[in-house]
Amino acid sequence: MTEDGKRAWVYPKKPSGKYYKYRKIVSYGLLAFLLAAPFIKINGNQFLLFNILERRFNVFGLPFWPQDFYLVVISMLIGVVFIALFTVSFGRVFCGWICPQTIFMEMVFRRIEYWIEGDRNKQRRLDKQEWNAEKIRKKGLKWFIFLIISFVIANVFLAYLIGSDKLIKYITGNPLDHLGTLFPLIIFTAVFYFVFAWFREQVCIIACPYGRLQSVLLDDKSIVVAYDYKRGEAENGRKKFRKNEDREALGYGDCIDCLQCVNVCPTGIDIRNGTQLECVNCTACIDECDHIMESINLPKGLIRFASEGEIERKEKFKLTARMKGYIAILSILTGLFVGLLLLRNDVEATVLKLPGQLYEHKDGNIISNVYTYKLVNKTTKDIPNISFKIRKFNGTIKLVGTSDTFMVPAQEIADGTLFIEIDQSELSGDKNKLILEVYSDDELIETTTVNFLGPRSYN
């Protein structure tokens with residue numbers, strides 16, 4: 001903020017250097033994945049799908065239903081613990097290298113801005129000058145391209161939510177026939193345009209809760225983008241560079257107060273003030289400082305990945321008790337998730353006693369109970385010839401309104417009502433636990449248990 005309470009617009013210098021090259025490789029690889037993931041199919045399933053309204057989710061091509069919600073909860077816990085462990089160990093590197101907000105802002109929108117308006121100083125001059133043909137042309141072109149990219153991002157975002165097939169169908173059809181999708185698309189486009197054209201780094205500073213978590217999770221053992229104040233300040237602090245001056249003899253540090261680390265920072269902070277929640281560990285200041293150090297024949301690494309303990313006490317990185325605790329919890333949760341995932345069936349059967357019904361006594365000493373059933377087909381193939389059998393009991397199962405077998409369509413639910421009839425002589429007491437087996441043709445695909453009620457026996 002400025003002194004009068006207004007927003008101080010950040011004009012970061014165009015970054016360059018070793019880490020920036022690595023970031024571009026990582027960023028464009030992740031961008032390609034992000035844009036392609038909803039359009040990739042594995043066994044007919046969208047690679048990534050998060051259809052909250054229809055409660056259908058695909059993760060790496062594996063379909064998950066509301067019945068698999070426990071797996072979703074465990075996977076979210078794994079994500080939270082992993083982020084906590086990663087932050088405790090390596091700071092906010094995720095934000096600068098992997099977060100979609102940073103990747104789109106710095107590697108797409110910001111680069112377009114550099115291409116149209118020029119570097120930091122040219123952007124400042126353009127914003128200060130009066131509106132003329134040049135300013136209108138440059139600003140108009142930039143805003144138009146921003147709007148087009150925001151529209152593309154909104155479409156990809158919708159593909160994750162409603163499915164790529166449905167999105168393509170809506171796009172190729174008449175938009176007025178799909179107003180329920182058109183309006184969210186317009187809203188998402190406006191939101192993305194607002195974020196990347198105006199809100200920008202404020203998302204990381206104000207809106208993102210992860211930045212607030214950083215101050216809680218970090219300690220002096222965490223590896224972060226850090227300024228080596230021991231070397232940079234020495235005894236008498238910083239000093240502008242003068243040729244042929246013996247800085248060490250005069251007691252001055254290696255920092256020449258050139259402010260290039262501040263100018264290149266996308267959030268506008270001074271890394272020399274220590275670790276701050278605004279720092280996204282993008283490493284732009286490392287590249288810029290290394291370039292300055294190289295140009296004045298001083299060692300690189302004045303700003304580098306380091307912990308407070310390494311700078312202050314020359315301590316090497318090692319696992320702390322807190323890190324080991326996070327690793328243990330993460331290992332347990334991951335093992336539990338993998339185990340449950342392997343035990344997960346492609347078909348899930350639920351058979352429940354019809355509410356309010358006890359049992360019916362039929363001719364021939366037969367006891368009948370009525371149930372409702374629901375079968376969820378989680379695969380992309382139809383499952384034919386479904387039938388039920390009772391394990392260890394001689395009884396019959398009668399389906400209501402259908403033949404003895406039926407089909408469950410791909411990624412659909414089949415439900416209905418059935419009667420189970422058992423001779424009273426086979427029952428022991430008024431409540432018996434039955435194991436129902438679900439078959440497709442002659443293949444056992446699922447089992448479930450039900451309670452079978454009968455007359456109470458008096459001895």
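Is Phe196 buried or exposed? Phe196 is buried, at a relative accessible area of 3%. That value comes from a predicted model, as does everything below.

## Helix H8

Phe196 sits in helix H8, which spans residues 179–199. Beyond its sequence neighbours up to four places away, Phe196 touches Gln101, Phe104, Met105, Phe109, Phe146 and Ile153. Thr102 is 94 residues from Phe196 along the chain, yet their C-alpha atoms are separated by 9.8 Å.

Thr181 belongs to helix H8 too. Its relative accessible area is 16%. The cut-off for buried is under 20%, so Thr181 counts as buried. With neighbours within four places in sequence left aside, Thr181 is in contact with Leu158, Ile162 and Tyr170.

## The largest pocket

The largest pocket has a volume of about 1200 Å³. It is lined by 29 residues, and Leu48, Phe50, Phe60, Gly79 and Phe94 are the closest to its centre. Several elements give two or more residues to this lining. The helices are H1 (18–36), H2 (69–90), H4 (100–117) and H16 (321–343). The strands are S3 (48–51), S4 (56–59) and S5 (62–64). Helix H2 provides the largest share, with nine residues.

What is the chemical character of the residues in the lining of the largest pocket: nonpolar, polar or charged? The lining holds 27 nonpolar residues and two polar ones. No charged residue takes part in the lining.

## Nonpolar cores

The largest nonpolar core has 26 residues. Within this core, Tyr373, Leu375, Phe388, Phe406, Leu418, Ile420 and Phe452 touch the most other members. Eight strands each supply at least two of its residues: S8 (347–353), S10 (366–377), S11, S12 (395–399), S13 (406–408), S14 (413–423), S15 and S16. Another core, of 22 residues, lies apart from this one. Leu31, Val108, Ile112 and Ala197 are among the members of that other core.

Phe406 shows the contacts in detail. Setting aside residues up to four places away in sequence, Phe406 touches Tyr373, Leu375, Ile383, Pro384, Asn385, Ile386, Phe388, Leu399 and Ala414.

Leu399 is one of those contacts. It lies in strand S12. Leu399 is buried, with a relative accessible area of 13%. Under the same sequence exclusion, Leu399 touches Tyr373, Phe388, Asp404, Thr405, Phe406, Thr417 and Leu418. Leu399 and Val370 are 29 residues apart in sequence, with a C-alpha to C-alpha distance of 9.9 Å.

## Strand S15 and its partners

Why is strand S15 largely enclosed by the rest of the structure? Strand S15 covers residues 431–440, and seven of its 10 residues are buried, so the rest of the structure largely encloses it.

Strand S15 pairs with strand S11 (residues 383–391) through six bridges, and the two run antiparallel. In this pair, Lys389 faces Glu437 of S15. Strand S15 also pairs with strand S16 (residues 443–453), in the antiparallel sense over 10 bridges. Here Val438 stands opposite Glu446 in S16. S15 and S16 form a hairpin with two residues between the strands. Asp441 in that hairpin takes a positive phi near 60 degrees.

## Loop residues

Two asparagines also have positive phi: Asn43 at about 55 degrees and Asn365 near 65 degrees. Neither Asn43 nor Asn365 is a glycine. A third loop residue is Asp254, between helix H12 and helix H13. The table sets out where these loop residues lie and their accessibility.

| Residue | Loop between | Relative accessibility |
|---|---|---|
| Asn43 | S1 (41–42) and S2 (45–46) | 64%, exposed |
| Asn365 | S9 (360–362) and S10 | 34%, partly exposed |
| Asp254 | H12 (247–250) and H13 (260–263) | 16%, buried |

Which residues is Asp254 in contact with, leaving aside its neighbours within four places in sequence? The contacts of Asp254 are Arg231, Gly232, Arg247, Met293, Leu298, Pro299 and Leu302.

Methods: Residues are numbered from 1 along each chain as its sequence is written. This is a predicted model: local features need pLDDT of at least 70, side-chain atom pairs count only at pLDDT 80 or more; totals for chains, interfaces and linings use all residues. Side-chain values use heavy atoms; hydrogens and water are left out. Helices (H or I, at least four residues) and strands (E, at least two) are DSSP runs, numbered from the N terminus. Buried means under 20% relative accessible area, exposed over 50%, partly exposed in between (1.4 Å probe, protein chains only). Contact means heavy atoms within 4.5 Å. Two strands pair if DSSP finds at least two bridges between them. A nonpolar core is a set of buried Ala, Val, Leu, Ile, Met, Phe, Trp, Tyr and Cys residues joined through side-chain atoms within 4.5 Å. On a 1 Å grid over the protein atoms alone, a cavity is a set of points where a 1.4 Å probe fits but cannot get out, and a pocket is an open set with protein on both sides within 12 Å along at least five of seven lines; lining residues have an atom within 4 Å of a point. Grid points are joined across faces, edges and corners, and a volume is the space filled by probe spheres set on the points. Ala, Val, Leu, Ile, Met, Phe, Trp, Tyr, Cys and Pro count as nonpolar, Asp, Glu, Lys and Arg as charged, and the others, Gly among them, as polar.
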